[in-house]
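Q: Please take a close look at how opposite charges pair in this structure. Then place that part within the rest of the chain.

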Amino acid sequence: MSTTLFLKELKGSLFSFGVIAAVLALYIVCIVYMFDPEIAESLDLIIATMPELCAAFGMANATDTLLGFLLNYLYGFVFTWLPLLMIMILVNRMVVRPIDRGSMAYLLASPTSRLSLALTFALTLATMLAALMAVIVALQVACAEAFFPGDLDVEGLLQASAGLYCLWLFLGGLCFLSACAFKDARLALWAGGGLCLALFLVQMVAGVGEGIEVLQTFNPVELYDPYALAAGEDDAVGNSGILGVSGIALMAAGTAIFCRRNMNV
């Protein structure tokens, strides 16, 4: 790994990170502030009225606890789609665009090996995702203590967040692999990013439609279950571990391809 390049990439990622973190922070503050057991009952009535639509966005679980409220309205949709946007932006900035524009030639001509370059890119992506996770967890805890002291199950929140980070690693691995594997810039960005979006859309469709639940069986995104993680269920922890290990394996595969591919830069 190149420490100099790592620090440079971290600095270059701060703007995208800041924008996504700010949007997520806005959602967190609004959702925590909105929590009220009486309001939660009204929302439960809405869920009962439109179960399919709420299920599509991962908001179909009735709850009267603050942790359940956060899991229902943040972890099912907001905390999956927006981080994917950041992943695609970072992968495009670090790998896809430099190869497409030819600026990667300067790095390839340096004494740093291709292996070190690829590992640095992958580690930068994982680090930025970890930083984003730390920010949203800290903000949720801070807002909960400010508005509803002692009401939040912090341990359950941490368990659900750890599983969410494993999902992010999996999404990052898919995007990183496609960025390293394809020569065409659009295909390099959207093969992985588009597949991630397709997995989420399949999850949404499977939650809405009847008779197509079989789609959930073959969708790796379904391995992430924030409610089961918050409850400490062993199966949910194991499934999240599978996502995390798969994400690391995908990044390793992307690194291997990056080291061997012929780059016309």
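A: A residue is called buried when its relative accessible area is under 20%, exposed when it is over 50%, and partly exposed in between, with a 1.4 Å probe and protein chains only as cover. This is a predicted model, in which local features need pLDDT of at least 70 and side-chain atom pairs count only at pLDDT 80 or more, while totals for chains, interfaces and linings use all residues. Residues are numbered from 1 along each chain as its sequence is written, and side-chain values use heavy atoms, with hydrogens and water left out.

Side chains of opposite charge can pair when their charged atoms come close. The cut-off used here for a salt bridge is a side-chain nitrogen of Lys or Arg within 4 Å of a carboxyl oxygen of Asp or Glu. A search of the whole structure with this criterion finds one. Its partners are Arg-93 and Glu-9, whose closest N and O atoms are 2.8 Å apart. Arg-93 belongs to helix α5 (residues 78-101) and Glu-9 to helix α1 (residues 3-34), so the pair ties together parts that are 84 residues apart in sequence. Helices here are DSSP runs of H or I with at least four residues, strands are runs of E with at least two, and numbering starts at the N terminus. Arg-93 counts as buried at 18% relative accessibility. Glu-9 is also buried, with a relative accessible area of 5%.

Just before α1 lies the segment that holds Ser-2, a residue that is buried at 14% relative accessibility. Apart from neighbours within four places in sequence, Ser-2 is in contact (heavy atoms within 4.5 Å) with Thr-112, Ser-116 and Thr-120.

Met-1 joins Leu-115, Leu-119 and Leu-123 in a nonpolar surface patch of about 340 Å². Patches are built from residues with over 30% relative accessible area and no salt bridge, joining nonpolar side chains (Val, Leu, Ile, Met, Phe, Trp, Tyr) within 5 Å and like charges within 9 Å. Leu-115 sits in helix α7 (residues 114-147) and is partly exposed, at 44% relative accessibility. An α-helix has 3.6 residues a turn, so residues three or four places apart point the same way. Ala-134 is in α7 as well and is partly exposed at 45%. The C-alpha atom of Ala-134 is 9.2 Å from that of Ser-161, a residue 27 positions away along the chain.

Helix α4 (residues 66-75) is mostly covered, with ten of its ten residues buried. Among them are Phe-69, Asn-72 and Tyr-73.

As for cysteines, a disulfide requires a pair of cysteine sulfur atoms within 2.5 Å, and a search of the whole structure finds zero. Cys-196 is in none, the nearest cysteine sulfur being that of Cys-175 at 4.1 Å. Cys-196 is buried, with a relative accessible area of 0%.

For the protein chain overall, the secondary structure comes to twelve helices and zero strands. Of its 265 residues, 45% count as buried. Contacts between residues 24 or more positions apart make up 76% of those with a separation of 6 or more. The accessible surface is about 12,400 Å², of which 67% belongs to carbon and sulfur atoms; the Shrake-Rupley method with a 1.4 Å probe was used, and for residues only the protein chains shown count as cover.
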